[in-house]
Amino acid sequence: MFSVEPLPVEHPFRKLDNMVPTLHLGYVTEDSFRNHYQQMVEGIDAWFKGEPKQRLA
């Protein structure tokens with residue numbers, strides 16, 4: 001996240017050849033959504049059963 005978005009045209013990052021700027025949701029894939037919501041469902045199910053899932057370290 002930058003203090004000004006989108007980055008101004010003159011920003012040095014815009015001149016880098018080894019950088020691919022993406023939107024905030026550039027990391028989102030179908031798999032990441034499936035994993036996220038599956039973990040939410042498992043957590044809610046465990047809570048209803050009185051057996052909360054242990055957090056991953």
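Where in the chain do E30 and R34 both lie, and how many residues apart are they? Both residues belong to helix α1, four residues apart, which is about one turn of the helix. The legends below describe a predicted model.

**View 1. The whole chain, with its one helix and zero strands.** The chain of this predicted model contains one helix and zero strands, and of its 57 residues 4% count as buried. About 5900 Å² is exposed by the chain, with 60% of that area supplied by carbon and sulfur atoms. Helix α1 spans residues 30-48; with its 19 residues, α1 reaches 27 Å from the first C-alpha to the last, close to the 27 Å expected at 1.5 Å a residue. The helix is followed by G50, a residue whose phi is positive, near 75°.

**View 2. The salt bridge between E30 and R34 in helix α1.** A search of the whole structure finds two salt bridges, and one of them joins the side chains of E30 and R34, with an N to O distance of 2.4 Å. Side chains of opposite charge can pair when their charged atoms come close. An α-helix has 3.6 residues a turn, so residues three or four places apart point the same way. In this pair the separation is four residues within α1, about one turn of the helix. E30 is exposed, its relative accessible area being 53%, and R34 likewise counts as exposed, at 53% relative accessibility.

**View 3. The salt bridge between K49 and D45.** Here the side chains of K49 and D45 meet, with 3.1 Å from N to O. K49 is exposed, with a relative accessible area of 55%, whereas D45 counts as partly exposed, at 37% relative accessibility. The label of D45 follows from a value that lies between the limits of 20% for buried and 50% for exposed.

**View 4. The stacked rings of F33 and Y37.** The structure holds two aromatic pairs. In the pair shown here, the ring centres of F33 and Y37 are 6.0 Å apart and the planes stand at 10°, so the pair is stacked. The reasoning rests on the cut-off for the planes, because an angle under 30 degrees counts as stacked. F33 and Y37 are four residues apart in helix α1 and are therefore separated by about one helical turn. F33 counts as partly exposed, at 43% relative accessibility, and Y37 also counts as partly exposed, at 45%.

**View 5. The edge-to-face rings of W47 and F48.** A pair of aromatic rings is described by the distance of the centres and the angle of the planes. For W47 and F48 the centres are 5.3 Å apart and the planes are at 70°, so this pair is edge-to-face. Both W47 and F48 are exposed.

**View 6. The nonpolar surface patch of F2, F13 and L16.** Together, F2, F13 and L16 make a nonpolar patch of about 250 Å² on the surface. L16, one of the residues of this patch, is placed in the segment before α1. With a relative accessible area of 39%, L16 is partly exposed.

**View 7. K15 and its contacts in the segment before α1.** K15 has its place in the segment before α1 and counts as exposed, at 57% relative accessibility. When residues up to four places away in sequence are not counted, K15 touches V9 and E10.

How values were computed
Residues are numbered from 1 along each chain as its sequence is written. This is a predicted model: local features need pLDDT of at least 70, side-chain atom pairs count only at pLDDT 80 or more; totals for chains, interfaces and linings use all residues. Side-chain values use heavy atoms; hydrogens and water are left out. Rings of Phe, Tyr and Trp (its six-membered ring) pair if their centres lie within 6.5 Å; planes under 30 degrees apart count as stacked, over 60 as edge-to-face and the rest as tilted. Helices (H or I, at least four residues) and strands (E, at least two) are DSSP runs, numbered from the N terminus. Buried means under 20% relative accessible area, exposed over 50%, partly exposed in between (1.4 Å probe, protein chains only). Patches are made of residues with over 30% relative accessible area and no salt bridge: like charges are joined within 9 Å, nonpolar side chains (Val, Leu, Ile, Met, Phe, Trp, Tyr) within 5 Å. Accessible areas come from the Shrake-Rupley method with a 1.4 Å probe; for residues, only the protein chains shown count as cover. A salt bridge is a side-chain nitrogen of Lys or Arg within 4 Å of a carboxyl oxygen of Asp or Glu. Contact means heavy atoms within 4.5 Å. The expected span of a helix is 1.5 Å times one less than its number of residues.
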